[in-house]
Amino acid sequence: MRSLVIKSLIFCVLLVFILLKIEPFFIDNNTWDVSSFNTLYEADHNSSDIVFIGSSHLNRGVDTYIIDANCKTNSIKITGAGMNIAQTYYNLKEVLNNHQNPKIVAIETFALIIPSDLYNNSTDENGKMLLRSWKAEYFKRFGTAKYEEISSIYPEDKLFNMFNFFRFHDVWTDDETLSKSIDAKLSINPKRIHQDINKSLAYMDDSKIKEYRNKELDSEEFFISDDEKLFLDKIIKLSEEHKFELLFFTVPVLDVYYNKTKKGYKKVGNELKEIFKKHKNIKYYDINAKVGGFDKTRVAPGRVNHNQHLNYKGIINTSNLLSKFIKNNYNFETNLTNRVNSIEDILYTNKKIEKDSTFLGNMADVNGMKFKVGDSLRNIITIPKNQTNITISGWMFKEGVPLRKATRKIALKKKNNFIFISKRDLEKRSSKYIAKRFVENYLNSGYDFKINKNLLEKGKYKIYNIIESDKGEIFIKDMWKWLIIE
């Protein structure tokens, strides 16, 4: 009998161990919000200088590769759709429980500003969380932070909702989702999934701007509720207990919308400042007040309401503004030696790009125009004011890196204040002349890169060819060619 009990216990322990190991595969690891939590779980212990926490406005507002390149830091970003301040608190606890000891926790404040019962009243009088989030509570690992949050949202069904293999058992019937999820979990850098998915190259059109101008947008109901103050106090207590700085900041919204709701934004900002002034370890950076919102070319298309997200141009601008604020207000004497090597880290920090005889390539033309070469104009093409769409054609090949396993990108660098790095693999183009000149492997080395001029700022851009191998190696070739946007 005793032997049977011992064997049963061992079996139960092994079963729970196996189930906990496969738990992460019951959610879609190929999505931006799940990948943000995976970034935390795959980080080395105590490897983060800055932890960013917030809603989709953080996800579609800040590029941590740009922050880290500018500030010489390591950072992670934890985000979820519709995240309120209560969930932000639980996400912060999850970060601290997973062996991170950041110098700064930076919290994006959209949920505190927007007037909505879903944000202002996230819990009832018994502490039960009322907001049904977009499943972000399931993205955490099994642990105390997840248990506390699940208990608050689903007090009657804690056990069922605590384990993903109970809640999402039907994922195994969707072969395509499961395959992508497993691939993302096992082979793709979660931080890169999280960042690249946000590089939207569309912007708000004039018809939507007109709708915003004609829509009534009341800002009288903007305020910080008692419920929000309760969780802000809990976050502040965690900062004092774990000795980290708190930075609260806004992500820019559409300027037409901001001008209509500025009074409400300022009201909430003043309420937050009143709460924060008692604490020396808290700073508030209202980027909206600084820039007055962003114009339409920096905002992604969407419905006409309080909720707007930035495109890649807006993300670059916001990340550079936030980088400057962090550098001016915090002193990082980091000894971290495991900083992530990235394209941004090379280009923003002006690292020397060595000549590589095995990285071949050239720029063929821009919109059919050949680069000019002369005494006063050297390899420069100017895009006229009346021309909107840009197509850059060229070819690149790195010996020893098979094209089918590599990702080819292009970067346009306007000094260090705006660097555009393309998303995904460039559009392939057959290059028979290059293949004939070299070998058959070069046949698909050609590429076309297309972009709307309005997604770039005015100025002079240096062009770079980039190849990333399937092993994460980064190869950059300075093309010594320039593009001028008028």
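**Group meeting: two helices, two sheets, two cores**

I'll start with a pair of helices. Helix H4, residues 64–71, packs against H17 at an angle of about 35°, and their axes are 9 Å apart. Those are the usual terms: two packed helices are described by the angle between their axes and the distance between the axes. The crossing of H4 past H17 is right-handed. On the H4 side, Ile66, Ile67, Asn70 and Cys71 make the contact. On the H17 side the residues are Ile316, Ser319, Asn320, Leu322, Ser323, Ile326 and Lys327. Sorted by class, that contact of H4 with H17 has 6 nonpolar, 4 polar and 1 charged residues. Please keep in mind that this is a predicted model.

Next, the parallel sheet. It is an open sheet of 5 strands, in the order S2-S1-S3-S4-S5, and the pairing is parallel. Which strands stand at its edges? They are S2, residues 75–79, and S5, residues 282–285; each has a single partner strand, so one side of each is left without a neighbour in the sheet. From one strand to the next, the twist averages 20°.

Let me go through some of the pairs. S1, residues 50–54, is joined to S2 in the parallel sense over 5 bridges. Within that pair, Ile50 has Ser75 of S2 as its bridge partner. S1 also pairs with S3, again parallel, over 4 bridges. Here the partner of Ile50 in S3 is Ile104. S3 in turn pairs with S4 over 5 bridges, in the parallel sense, and Ala106 stands opposite Leu247 in S4.

Is S3 buried or exposed? 5 of the 5 residues of S3 are buried, so this strand is largely enclosed by the rest of the structure. Ile104, Ala106 and Glu108 point one way from S3, while Val105 and Ile107 point the other way. Note that Glu108 is buried along with the others.

Now back to H17, residues 312–329. Apart from its contact with H4, this helix lies across S1, S3, S4 and S5, and runs at about 150° to S5.

What sits in the largest nonpolar core? That core has 82 residues, and those touching the most other members are Phe52, Leu246, Leu247, Phe249, Tyr257, Leu322 and Ile326. Two of these names you have heard already: Leu322 and Ile326 belong to the H17 side of the helix contact. Take Phe249 as an example. Leaving out residues up to four places away in sequence, Phe249 touches Phe52, Leu58, Val62, Ala106, Ile107, Glu108, Thr109, Tyr285, Ile287 and Leu322. Another core, of 43 residues, lies apart from the largest one; among its members are Ala406, Tyr447, Ile466 and Phe475.

Last, the antiparallel sheet. It is open, with 4 strands in the order S6-S9-S13-S12 and antiparallel pairing. S6, residues 359–366, and S12, residues 427–429, stand at the edges, and each has a single partner strand, so one side of each is left without a neighbour in the sheet. Ignoring direction, neighbouring strands of this sheet are turned by 30° against each other on average. S9, residues 389–398, and S13, residues 446–452, run antiparallel and are joined by 7 bridges. One residue pair to look for on the screen is Trp395, with its bridge partner Gly446 in S13.

Note on methods. Residues numbered from 1 in each chain as written. Predicted model: local features only at pLDDT ≥ 70, side-chain atom pairs only at ≥ 80, totals over all residues. Heavy atoms only, no water. Pairing = 2+ DSSP bridges. Axes fitted to C-alpha atoms, helices over the stretch in contact; angles between N-to-C directions. Contact = heavy atoms within 4.5 Å. Left-handed = near helix turned anticlockwise from the far one by under 90°. Nonpolar A, V, L, I, M, F, W, Y, C, P; charged D, E, K, R; others polar. Core = buried A, V, L, I, M, F, W, Y, C linked by side-chain atoms within 4.5 Å. Buried < 20%, exposed > 50% of the residue type's maximum accessible area, 1.4 Å probe, protein only.
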